[in-house]
Amino acid sequence: MSHFEVFGLPRRLAVDTAELQRKFYALSRRWHPDFHQAAPADAQARALEESARLNAAYRALRDPIARVEYLVRLEEGRETREGADEKPKAPPELLAEMFEIQEALEEAKAGGLDDAGRRGLGADRDRLLARLRAGEARLTGPLGAAWDASDAAARPQALAALKQALATRAYLRTVIDDLNEALGEQADGHVTHRRH
Amino acid sequence: MSRIVGIDLGTTNSLVAYVDEKTGLPRVIPDRDGRALLPSVVAFTPDGVLVGEPAKRQLVRRPETTVYSVKRLMGRGYEDVKDELCYLPFKVHPCEGIVKIEIGDREVTPPEVSAIVLRSLKERAEAWFGEPVEKAVVTVPAYFNDSQRQATKDAGRIAGLDIVRIVNEPTAASLAYGLHRLRDGVVAVYDLGGGTFDISILRVKDGVFEVLATNGNTHLGGDDFDRAIVLWLLDDVREQHGVYLGRDNEAMQELRLAAEAAKIRLSGEERTTLTIPFDAFTYHRDIARADVERLIDRLVESTLAPCRMALADAGLAPSDVGEVVLVGGSTRVPLVRRRVQEVFGRTPHSQLNPDEVVALGAAVQAHILAGGITNLLLLDVTPLSLGIETLGGIVSVLIPRNTTIPASAREMFTTSVDGQTVVDLHVVQGERELARDCRSLARFELRGVDPMPAGLPKIEVTFLIDANGILQVAARELRTGKTAAIEVKPTYGLSDADVARMVEESFAYAEADVEARLLIEARNEADTVLTHVARALRQGGGLVTAEERERIDAALAELRRARATDARDLIHEKTTALNRATEHLAEVMMDAALKGALGSKRAAEIIESQ
């Protein structure tokens with residue numbers, strides 16, 4: 001049973017999160033072990049299993065980005081577990097810029113940071129962060145809508161676009177984390193467990 | 001369904017509560033004397049085991065055999081706790097992963113000590129209801145790891161109590177508040193107790209309490225405040241009297257209890273005075289609230305980073321938090337309140353007694369489990385990421401932190417050598433990349449894999465974190481469909497055989513019965529008075545007439561004789577007599593001490609002027 005099926009949803013990226021939460025609470029009331037305490041052992045085991053399945057499904061679907069990641073895995077029939085990210089891949093149009101940033105990072109690691117270097121890395125970080133957010137907006141916006149609207153023939157292309165956007169996002173996040181680390185700042189680009 | 005009580009097994013105090021069927025409200029069960037709190041202190045005396053208040057009164061005289069704050073040792077290895085052992089007067093040894101406490105010629109484990117506290121609460125509840133109580137919901141800090149939760153469950157088994165659910169303390173507190181006082185929205189529960197700190201961020205909506213994120217520190221609490229004050233007092237004693245008391249167990253207990261009492265008074269007052277009679281001198285010290293705030297500032301500050309991390313994990317800003325709830329006795333400290341208010345920009349709730357609110361919440365959860373409440377539902381999370389060690393010692397995360405529980409993850413394993421029949425798994429908990437920096441939970445051995453070429457067996461292992469936050473593991477060979485046998489070696493825990501043995505042995509540590517207890521208490525009281533009088537005579541014997549001295553000596557001798565008998569009333573009578581015989585001596589000594597400290601005013605004048 002897919003996470004979409006747990007909630008009786010079609011395999012689409014547009015999800016009404018308020019409605020999803022309502023269903024999650026309703027199904028939790030049905031399956032949570034708290035309400036099966038006096039049941040026979042096999043019924044308790046069933047409740048435990050259903051409840052764990054429900055929680056996993058909610059976790060995968062409540063966040064729009066996690067939802068895309070899950071959909072891609074599901075479509076590809078991969079046996080990877082929850083939370084496994086797309087392999088980071090640098091977008092071709094950014095390669096030259098990334099090369100420069102990596103070089104600056106290496107220098108910072110080797111020789112420490114002066115004020116100018118810090119300002120430079122900070123600006124790089126902010127630019128990449130903006131790009132990351134724009135990429136996320138594209139994923140949850142037009143790319144997701146394109147998937148939802150695609151027919152059987154257009155699906156592979158829509159899926160490929162989602163995958164590429166995820167790979168770019170993963171790459172940007174890695175570089176942003178590295179930049180944050182070099183700047184000694186909290187990873188504010190970290191969005192793994194973000195809720196909406 | 002049979003009755004289920006709610007228990008808060010605290011570092012400093014423990015409580016038991018239930019939901020009153022008539023009012024539908026949770027209430028704490030008091031002891032015979034009307035006290036709600038049971039100090040989590042266990043004294044192993046030659047005459048029997050004491051629990052709670054009587055045990056606490058032994059602390060100063062029998063520091064080596066009176067165990068307190070044992071919660072800090074639950075589910076811990078020696079390496080985890082060795083740095084703080086110098087602050088504990090009893091001896092703690094490493095022993096096969098866990099630690100043991102040496103009591104004379106025997107050893108007890110932390111779960112056994114906790115079991116004695118649990119059994120005392122069980123008996124308190126049984127006396128209240130007039131019927132056996134066998135099931136309980138017990139709370140633990142939200143940030144407790146699997147070993148610490150397991151140790152708590154073991155304590156229940158040893159005490160003959162079926163712990164039907166382990167609930168996180170801040171979540172329990174929110175349930176207690178939630179009945180009437182919380183509006184729907186985001187709630188932050190800041191729980192600073194005697195030894196542990198938790199922060200939980202919840203969404204409350206239509207009776208569902210959904211924990212969004214939790215964080216904390218299982219080794220930070222009021223104990224650490226006391227410790228900071230004690231270290232400061234030690235320096236001050238050395239300066240004033242030229243004596244270092246750090247190695248004197250009894251003096252250290254006196255200092256610790258006095259520091260704790262001063263800290264508590266300073267939550268209500270700006271200044272307080274501390275007076276401790278030691279053998280050679282009496283120590284006086286004026287303390288201002290600002291002094292203590294300076295000493296504990298760093299500790300309070302260290303609770304704020306977890307608050308921010310929990311908010312970040314929940315994907316929320318401080319301004320999203322609608323209400324803040326304070327739990328735990330240490331949140332009475334004004335500095336703590338100020339800091340919490342600064343972080344969340346909200347005046348925190350504290351209408352419910354912070355000492356009782358967790359037990360009340362546990363009672364509510366117990367009532368839910370018993371089917372008495374059907375409109376409330378608690379959805380909690382696992383506080384730490386669960387992973388397995390892979391090649392090169394890297395952790396592969398299976399269930400990330402803050403995942404709603406029950407949670408499960410499946411993983412495929414295979415063999416790396418032809419004909420291999422056993423596969424080892426190392427399960428860890430924590431947020432670090434390397435397994436050695438995380439908490440080792442257990443090593444699993446999958447046995448009975450059919451001999452096949454390397455890589456061919458497909459073993460599916462299911463990791464399930466149940467509603468208690470405790471890990472269960474199951475394995476299946478997919479090719480044959482047969483269940484693989486798993487042998488679990490918990491890294492920091494008791495084996496089933498250990499627990500079974502402890503259940504049998506537990507009767508040896510049973511709390512003394514009422515008669516015996518009263519006798520022990522009477523002897524105790526006598527011992528305390530005898531010690532005080534001996535000390536007073538050494539310091540102030542010259543301040544009274546020879547005639548008075550004779551009267552005191554006679555009373556002293558009579559009490560010593562009475563103490564040797566089993567006659568409780570006689571011991572009481574002679575204790576009272578000795579007290580009365582030394583009243584004048586105490587007064588004279590107080591005057592002398594105050595003259596030293598404050599000039600020549602008499603004690604009576606000072607008391608009048610206040």
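Helices and strands here are DSSP runs, with at least four residues for a helix and at least two for a strand, numbered from the N terminus. Counted that way, chain B holds 17 helices and 27 strands. The model is a predicted one, so every value below is computed from predicted coordinates.

Start with the overall build of chain B. Its C-alpha atoms fill a box of roughly 95 × 55 × 55 Å along the principal axes. For 610 residues, a compact globule would have a radius of gyration near 25 Å, and the 27 Å of chain B agrees with that. Some 48% of the 610 residues count as buried. Contacts in chain B also reach across the sequence: among those between residues at least 6 apart, 68% join residues at least 24 apart.

Next come the domains. The domain assignment splits chain B into domain 1 (4-220 + 302-379), domain 2 (222-300), domain 3 (386-481) and domain 4 (514-609). Between the centres of domain 1 and domain 3 of chain B there are 31 Å, taken over C-alpha atoms. Where these two meet, eleven residues of domain 1 of chain B are in contact with ten residues of domain 3 of chain B. On the domain 1 side, helix H4 (146-158), strand E12 (162-168) and strand E15 (208-217) of chain B each supply at least two residues. The most comes from H4(B), with four residues. Sorted by class, that side of domain 1 has three nonpolar, four polar and four charged residues.

Chain B also meets chain A. Here 21 residues of chain A are in contact with 30 residues of chain B. Helix H2 (17-31) and helix H3 (41-62) of chain A each give at least two residues to the chain A side, and H3(A) gives the most, with six. By class, the chain A side has six nonpolar, seven polar and eight charged residues.

Now for the inside of chain B. Nonpolar side chains tend to be buried together in soluble globular proteins. The largest nonpolar core has 181 residues, and those touching the most other members are B:Val5, B:Ile7, B:Ala17, B:Val42, B:Val137, B:Ala362 and B:Ala363. Helix H11 (residues 357-369) of chain B provides the largest share of this core, ten residues. What does B:Val42 touch, leaving out residues up to four places away in sequence? The list is B:Val49, B:Val51, B:Ala55, B:Val67, B:Val113, B:Ile116 and B:Val117. There is also a second, separate core of twelve residues, with B:Ala522, B:Val533, B:Ala555 and B:Ile571 among them.

One helix of chain B gives a nice worked example. Helix H3 (residues 110-129) of chain B has 20 residues and reaches 29 Å from its first C-alpha to its last, close to the 28 Å expected at 1.5 Å a residue. Because 15 of its 20 residues are buried, H3(B) is largely enclosed by the rest of the structure. Just after H3(B), B:Gly130 takes a positive phi of about 70°.

Another helix, H7 (residues 249-266) of chain B, contains B:Ala262. This alanine counts as buried because 21 other C-beta atoms lie within 10 Å, the cut-off being 20 or more. Leaving out residues up to four places away in sequence, B:Ala262 touches B:Thr272, B:Leu274 and B:Ile287. B:Ala262 and B:Val292 are 30 residues apart in sequence, yet their C-alpha atoms are 9.3 Å apart in space.

Finally, a few spots in the backbone of chain B deserve a look. The loop between strand E21 (395-399) and strand E22 (407-413) of chain B holds B:Pro406, and the peptide bond from B:Ile405 to B:Pro406 is cis, with omega near 0°. B:Asn402 sits in the loop between E21 and E22 of chain B too. Phi of B:Asn402 is near 65°, a positive value in a residue other than glycine. Is B:Asn402 buried or exposed? With 23 C-beta neighbours inside 10 Å, B:Asn402 counts as buried. B:Ser69, in the loop between strand E7 (66-68) and helix H2 (78-81) of chain B, is another residue other than glycine with a positive phi, near 50°. It has 20 C-beta neighbours inside 10 Å, so B:Ser69 counts as buried.

Methods:
Residues are numbered from 1 along each chain as its sequence is written. Chains are lettered from A and ligands numbered from 1 in the order in which they are written. This is a predicted model: local features need pLDDT of at least 70, side-chain atom pairs count only at pLDDT 80 or more; totals for chains, interfaces and linings use all residues. Domain bounds come from an automatic or database domain assignment. Two residues are in contact if their C-beta atoms, placed from the backbone, lie within 7 Å. Ala, Val, Leu, Ile, Met, Phe, Trp, Tyr, Cys and Pro count as nonpolar, Asp, Glu, Lys and Arg as charged, and the others, Gly among them, as polar. The radius of gyration is taken over C-alpha atoms; the globule rule is 2.2 Å times the number of residues to the power 0.38. The expected span of a helix is 1.5 Å times one less than its number of residues. A nonpolar core is a set of buried Ala, Val, Leu, Ile, Met, Phe, Trp, Tyr and Cys residues joined through C-beta atoms within 7 Å.
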